Number of protein chains: 2
Amino acid sequence: MIAVTILGNNSALPAHGRHPTAQIVQTRNHTFLVDCGEGTQLQMSEYRIKRSRIDHIFISHLHGDHYFGLIGLLTSFGLNNREHDLHVYSPEGLEPIMLMQLPASHTLLPYRIYFHTLKEEGLLFEDDHLSISCFKVNHKIECYGFLFEEKAHHRKLNAEAVKHFNVPYEFYERLQEGKDFVTPEGKVIPNVTLTLDPKPGRKYAYCADTIYYEPICKHIEGADLIYHEATYMKDEEERARARYHSTTIDAAHIARKANVGKLLIGHFSSRYENLAPLENEARQVFANCEAAIEGTCYIV
Amino acid sequence: MIAVTILGNNSALPAHGRHPTAQIVQTRNHTFLVDCGEGTQLQMSEYRIKRSRIDHIFISHLHGDHYFGLIGLLTSFGLNNREHDLHVYSPEGLEPIMLMQLPASHTLLPYRIYFHTLKEEGLLFEDDHLSISCFKVNHKIECYGFLFEEKAHHRKLNAEAVKHFNVPYEFYERLQEGKDFVTPEGKVIPNVTLTLDPKPGRKYAYCADTIYYEPICKHIEGADLIYHEATYMKDEEERARARYHSTTIDAAHIARKANVGKLLIGHFSSRYENLAPLENEARQVFANCEAAIEGTCYIV
């Protein structure tokens, strides 16, 4: 299961009580932060996100509405006496901006930050249950999307077959790992006879700020959920292009082409107070679409 | 008249929906911003403050909870196509922190910022109606308070005397400016006969972050309103001292010694969800005290 909590769904200029981009991605063992606009730590407090659990932060690009909240979060970690390592992933340039702000307040952080510079597409993080990779999107400045992929679960026991062949309880775990069973008489019962295919791992893609850009489809193909920006409605297509942003229709076409399960749109221009028209417009192209709402947790 | 709107009343760690320090000081002709913690521009949007009217920003010191919202505000001014000059006053070190964040997003601001470095106490701003000066407080790092002083109003007409001496309407403005009146017969009627003393100008002092520090009293003496931090209650006096902060009792003693009209306390530690006990404790020493509440406008 992957749970995505929206902390900010607005574009750069704050309006209508909406905040700049940030979201929390929670998986079985981890809490990740994706982008960190101004006010992110305040939103975390508002929505009861446990900050101390965050060990990996992914910043898509260095427009301020995606990272101006980071320095406040890093120093708050310090005030909370955090001691465990933190990993921050971003395009080049973030580390000096963060580090030069500490001496002005004579701050020495009590924990270590590892800054990882994104330079190309590929794997960023992996453990037994999950992998996270980045892919290039097409924005005014260097910008990356992030793909969260759960690994396939263990094989499922075929209860009838297991009973039929009298497989002892102690062997169940090995069946789930794909092992064949050998009966006391020496007969080999192949694993496929005793188990069913596992549930595939869930897949969530955060597509960051981007103009309509089909090359991302190969990365997000078949994802259960994607978040794609839709800064403008279709009638502002020209403005969207000029600013390397997408419209609702662009986001919906990407979702359709990539054959994803569900589309969340966000990064809304401050010109839109009511988001229903954006949602409705996108649904004309891709029905399973929702406008991302701050404080809402979307479960995949 | 001076109007002080609180945008943030919390200390560094955000909690209970409260924000780090920022406040708007409005006078007859100006809107000033004093400190600019993270989320200040969002709070301005929440409380309908017209950002574009702000031409002078005063930053007391370079702890992040007093300036981390500035870079977002400066870039938002740019996105709003601001063209008129902005003046920013702070201790040394702020300018490079702001300016180094712009190239990362290829940002060129369409307006000019003048950074003024605070190095000693004295006058920062003056026009016909108002003067603003800074004074040193005593915090872990270099830190300044700000004093806003209206100039005395014009003299008030003594309606009876004006009628008695048949002063023509056209001369009223000159009376208010202190001129004597000469009758058609050549008799000089002294101004003091025709006018009353003006209402004194209002005086507001923002005392920033400080340990209990009596030398500030001479600067804020007789102010109509002061804002003095009260991060802790009296039972945390030791912690307050160690961190160069004040208690409620400290703030109240300063208000009493400086013979001010009213005390606003703020910069509350996140340990206090309910602010009434802080207010009550301070009132034992100085009765006319209120806990500063976000979104509230205090009129002097």
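Domain bounds come from an automatic or database domain assignment. This is a predicted model, in which local features need pLDDT of at least 70 and side-chain atom pairs count only at pLDDT 80 or more, while totals for chains, interfaces and linings use all residues. Residues are numbered from 1 along each chain as its sequence is written, and chains are lettered from A and ligands numbered from 1 in the order in which they are written.

**View 1. The domains of chain A.**
Chain A is assigned domain 1, with bounds 3–153 + 199–299, and domain 2, with bounds 156–196. The centres of these domains, taken over C-alpha atoms, are separated by 43 Å. Along its principal axes, the C-alpha trace of chain A spans about 75 × 50 × 35 Å. Chain A has 10 helices and 18 strands (DSSP runs of H or I with at least four residues, and of E with at least two, numbered from the N terminus). Of its 300 residues, 44% count as buried (20 or more other C-beta atoms within 10 Å of the residue's own, against 12 or fewer for exposed and values in between for partly exposed, with C-beta atoms placed from the backbone). Of the contacts in chain A with a separation of 6 or more, 63% are between residues 24 or more positions apart (a contact needs C-beta atoms, placed from the backbone, within 7 Å).

**View 2. The contact between chain A and chain B.**
Chain A and chain B each bring 30 residues to this contact. On the side of chain A, the elements that give two or more residues are α1 (40–46) and α2 (70–79). The most comes from α2(A), with five residues. By class, the side of chain A that touches chain B holds 13 nonpolar, 15 polar and two charged residues (Ala, Val, Leu, Ile, Met, Phe, Trp, Tyr, Cys and Pro count as nonpolar, Asp, Glu, Lys and Arg as charged, and the others, Gly among them, as polar).

**View 3. Helices α9 and α10 of chain A.**
In chain A, α9 (residues 248–257) and α10 (residues 276–283) pack with their axes 8 Å apart and at an angle of about 40 degrees. That angle makes α9(A) oblique to α10(A) (under 35 degrees counts as roughly parallel, over 145 as roughly antiparallel, 65 to 115 as roughly perpendicular and the rest as oblique). Axes are lines fitted to C-alpha atoms, for helices over the stretch in contact, and angles run from 0 to 180 degrees between N-to-C directions. The crossing is right-handed (the near helix is turned clockwise from the far one by less than a right angle; anticlockwise would be left-handed). From α9(A), A:Thr248, A:Ile249, A:Ala251 and A:Ala252 meet A:Leu278, A:Glu281 and A:Ala282 of α10(A). Five of the residues in this contact are nonpolar, one is polar and one is charged.

**View 4. Helix α9 of chain B and its cover.**
Helix α9 (residues 248–257) of chain B packs on α10 (residues 276–283) of chain B at an angle of about 40 degrees, and their axes are 8 Å apart. α9(B) is therefore oblique to α10(B). The two helices pass in a right-handed crossing. B:Thr248, B:Ile249, B:Ala251 and B:Ala252 in α9(B) are met by B:Leu278, B:Glu281 and B:Ala282 in α10(B). Seven of the 10 residues of α9(B) are buried, so the helix is largely enclosed by the rest of the structure. Among them are B:Asp250, B:Ile254 and B:Ala255. Their cover includes α7, β15 (225–229), β16 (262–266), α10 and β17 (289–291) of chain B. Just after α9(B), B:Asn259 has a positive phi of about 55 degrees.

**View 5. Positive phi in two loops of chain B.**
Most residues other than glycine have a negative phi. B:Ala208, in the loop between β14 (203–206) and α7 (217–220) of chain B, has a positive phi near 55 degrees. B:Ala208 counts as buried because it has 28 C-beta neighbours inside 10 Å. B:Tyr244 lies in the loop between α8 (237–242) and α9 of chain B, and its phi is positive, near 60 degrees. B:Tyr244 has 18 C-beta neighbours inside 10 Å and so counts as partly exposed.

**View 6. The surroundings of B:His129.**
The loop between β7 (122–126) and β8 (130–136) of chain B holds B:His129. B:His129 is partly exposed, with 14 other C-beta atoms within 10 Å. B:Arg28 is 101 residues apart from B:His129 along the chain, and their C-alpha atoms are separated by 7.8 Å. Leaving aside neighbours within four places in sequence, the contacts of B:His129 are B:Thr27, B:Arg28, B:Asn29, B:Glu150 and B:Lys151.

Note on methods: Two residues are in contact if their C-beta atoms, placed from the backbone, lie within 7 Å.
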